[in-house]
Amino acid sequence: MSEEAKAEKEEEDTEEVEEKLDAETRERIEQRLDEILEEYDIPKGFPEEALDEVERITDGFREEIDAPGEERVDLRALTTFTCDPKRAQDFDDAITINETGDGWRLWVHIADVSHYVTPDTELYQEAKRRASSVYFPGYTVHMLPPDLAETVCSLVPNEQRFAHTAEMLINENYSFENVDIYKSVIESDRRLTYTEAESVLDGDDSEVTDAVADSIRTAYELAEGLHETRKADGSLVLNPARDRAHTIVEECMLKANKAVTQELMWDRGVEAMYRVHPQPTPEQWSDALEEIQDIDDVSIPAEQWDEPRIAVNEAIEGASERDLRKIQRAVLHVMPRARYMSDPFGGHYALNFEIYGHFTSPIRRIADLVNHRIVHENEVPDDIDALADHASDRQVDAESAERDFKKFLEELGFDPHEVEDYKFGED
């Protein structure tokens with residue numbers, strides 16, 4: 001479909017949504033949203049004390065960044081970009097990349113939320129309570145107040161921001177040669193949507209500088225190699241159709257999360273908010289593989305039954321969209337839910353990582369925020385076990401709430417994606 005045809009379809013879809021979204025329907029939608037928020041104990045507003053703290057932080061935060069201090073590495077001269085969905089409201093990760101003689105030097109910059117949200121603040125207590133942001137179509141419940149999430153901490157382009165950087169030297173075999181994690185100050189050169197990054201990879205770099213275009217292409221070269229290596233090593237890949245821009249972000253963030261988690265456990269041996277994903281039992285995997293084997297046009301060689309993740313990856317290759325959904329359902333039906341734990345024992349089965357944790361989204365996840373503080377201060381919260389359990393439970397609640405709201409919209413005849421731009425629940 002041409003860009004002109006896509007634009008015409010988007011305009012038609014918008015007109016159709018606007019016709020259906022009359023005042024009475026909006027009222028029904030907002031009423032149902034309020035019911036879901038109450039059912040899952042998801043607060044809409046923030047305590048006044050937390051909002052006062054945000055006001056104190058925003059007053060003069062740019063002046064503080066202008067004089068970052070000796071403890072921060074100045075990376076403002078590096079070519080840096082963010083890449084997110086079109087409707088993203090906060091940008092908590094950015095990428096810098098250079099080729100070396102036999103590999104790549106990758107900097108993953110993460111918003112330094114922990115600089116502002118410390119354990120002695122009401123903001124931190126509220127973030128602990130919420131544990132994560134919740135993303136409904138047309139409405140977001142932030143873990144942090146929007147003025148902090150979307151402004152002070154967000155790595156917006158052409159503005160200096162405090163960051164927490166994982167600098168990784170990666171060799172031609174896609175393994176770590178060296179990892180360095182430190183506080184920094186950066187300035188993003190460009191905020192890219194996934195669509196814009198795809199255009200650059202297609203050869204249209206008219207809207208970006210040469211340096212940004214080169215960075216995107218180099219990042220994809222690395223990301224594609226990381227992805228294929230991870231897959232060959234046995235990492236489960238249930239969504240093979242993800243575009244190149246998604247691949248860049250996903251693989252770079254996975255690499256940074258892995259680097260930080262290895263630092264926490266192997267180099268320091270400390271408790272943290274590790275992400276642990278148990279494996280299905282052999283009987284569960286056997287049931288899933290038999291279900292997949294029964295799908296028309298899908299065959300699993302006998303020798304692969306002992307390597308179920310690889311078997312699934314190969315079954316997905318070339319599968320029709322209909323068969324792909326069947327394979328995904330069969331696997332997800334037997335796959336246990338990942339949880340946060342203070343001990344990484346068991347690792348992350350789906351990713352096939354011996355140790356894994358979250359670090360790259362501190363604006364929207366309490367686990368990442370806690371891990372930032374542990375990395376920098378070497379200070380583990382006394383309530384780390386309870387906090388891990390709470391974060392896991394709140395994630396389940398968030399996913400259930402999002403699912404219930406989307407189901408309600410579908411019952412009204414809406415595609416949830418079509419109403420993203422129509423803000424609900426706002427005063």
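Let's start with α8 and α9. Their axes are 8 Å apart, and the helices pack at an angle of about 70°. Keep in mind that this is a predicted model. Angles from 65 to 115 degrees count as roughly perpendicular, so α8 and α9 are roughly perpendicular to each other. The hand of their crossing is left.

Who makes the contact? On the α8 side, we have Ile216, Ala219, Tyr220, Ala223, Glu224, Leu226, His227 and Arg230. On the α9 side, they meet Arg244, Thr247, Ile248, Glu250, Glu251, Leu254 and Lys255. Sort these residues by class and you get seven nonpolar, two polar and six charged. So that contact is a mixture of classes.

Now a second helix pair, α11 and α12. Helix α11 covers residues 308–316, and helix α12 covers residues 321–334. Their axes come within 10 Å and cross at roughly 165°. Anything over 145 counts as roughly antiparallel, and α11 and α12 therefore fall in that class. Here too the crossing is left-handed, as α11 passes α12. From α11, the contact uses Val312, Ala315 and Ile316. From α12, it uses Leu324, Ile327 and Val331. By class, that is six nonpolar residues, no polar and no charged.

Next, α7, residues 194–201. Which of its residues are buried? Tyr194, Ala197, Glu198, Val200 and Leu201. Why do they sit on the same side of α7? Because they cover an arc of only 160° around the axis. As background, an α-helix has 3.6 residues a turn, so residues three or four places apart point the same way. What do the buried residues of α7 pack against? Two strands, β2 at 81–84 and β9 at 190–193, and two helices, α8 at 210–232 and α9 at 244–268. You have already met α8 and α9, as the pair at about 70°. Just after α7 comes Gly203, with a positive phi of about 110°.

That brings us to backbone angles. Most residues other than glycine have a negative phi. Two residues here go the other way. Asp297 is not a glycine, yet its phi is positive, about 70°. Look for Asp297 in the loop between α10, residues 282–293, and α11. Is Asp297 buried or exposed? Exposed, with a relative accessible area of 79%.

The second case is Asn378. Again, not a glycine, and again a positive phi, this time about 55°. Asn378 sits in the loop between α13, residues 366–377, and α14, residues 384–411. Its relative accessibility is 46%, so Asn378 counts as partly exposed.

Asn378 also leads us to Arg268, which touches it. Arg268 lies in helix α9. At 30% relative accessibility, Arg268 counts as partly exposed. Leaving out residues up to four places away in sequence, Arg268 touches Glu263, Ile374, Val375 and Asn378. Take Val375. Arg268 and Val375 are 107 residues apart along the chain, but their C-alpha atoms are separated by 9.5 Å.

Last residue: Lys231, in helix α8. A lysine, and buried: its relative accessibility is 15%, where the cut-off for buried is under 20%. What is Lys231 in contact with, beyond its neighbours within four places in sequence? Val237, Asn313 and Glu317.

To close, two contacts to compare on screen. α8 with α9 has seven nonpolar, two polar and six charged residues. α11 with α12 has six nonpolar, no polar and no charged. Over to you.

Technical notes. Residues are numbered from 1 along each chain as its sequence is written. This is a predicted model: local features need pLDDT of at least 70, side-chain atom pairs count only at pLDDT 80 or more; totals for chains, interfaces and linings use all residues. Side-chain values use heavy atoms; hydrogens and water are left out. Axes are lines fitted to C-alpha atoms, for helices over the stretch in contact, and angles run from 0 to 180 degrees between N-to-C directions. Helices (H or I, at least four residues) and strands (E, at least two) are DSSP runs, numbered from the N terminus. Angles under 35 degrees count as roughly parallel, over 145 as roughly antiparallel, 65 to 115 as roughly perpendicular and the rest as oblique. A crossing is left-handed if the near helix is turned anticlockwise from the far one by less than a right angle, and right-handed if clockwise. Contact means heavy atoms within 4.5 Å. Ala, Val, Leu, Ile, Met, Phe, Trp, Tyr, Cys and Pro count as nonpolar, Asp, Glu, Lys and Arg as charged, and the others, Gly among them, as polar. Buried means under 20% relative accessible area, exposed over 50%, partly exposed in between (1.4 Å probe, protein chains only). The arc is that of the directions from the helix axis to the C-beta atoms.
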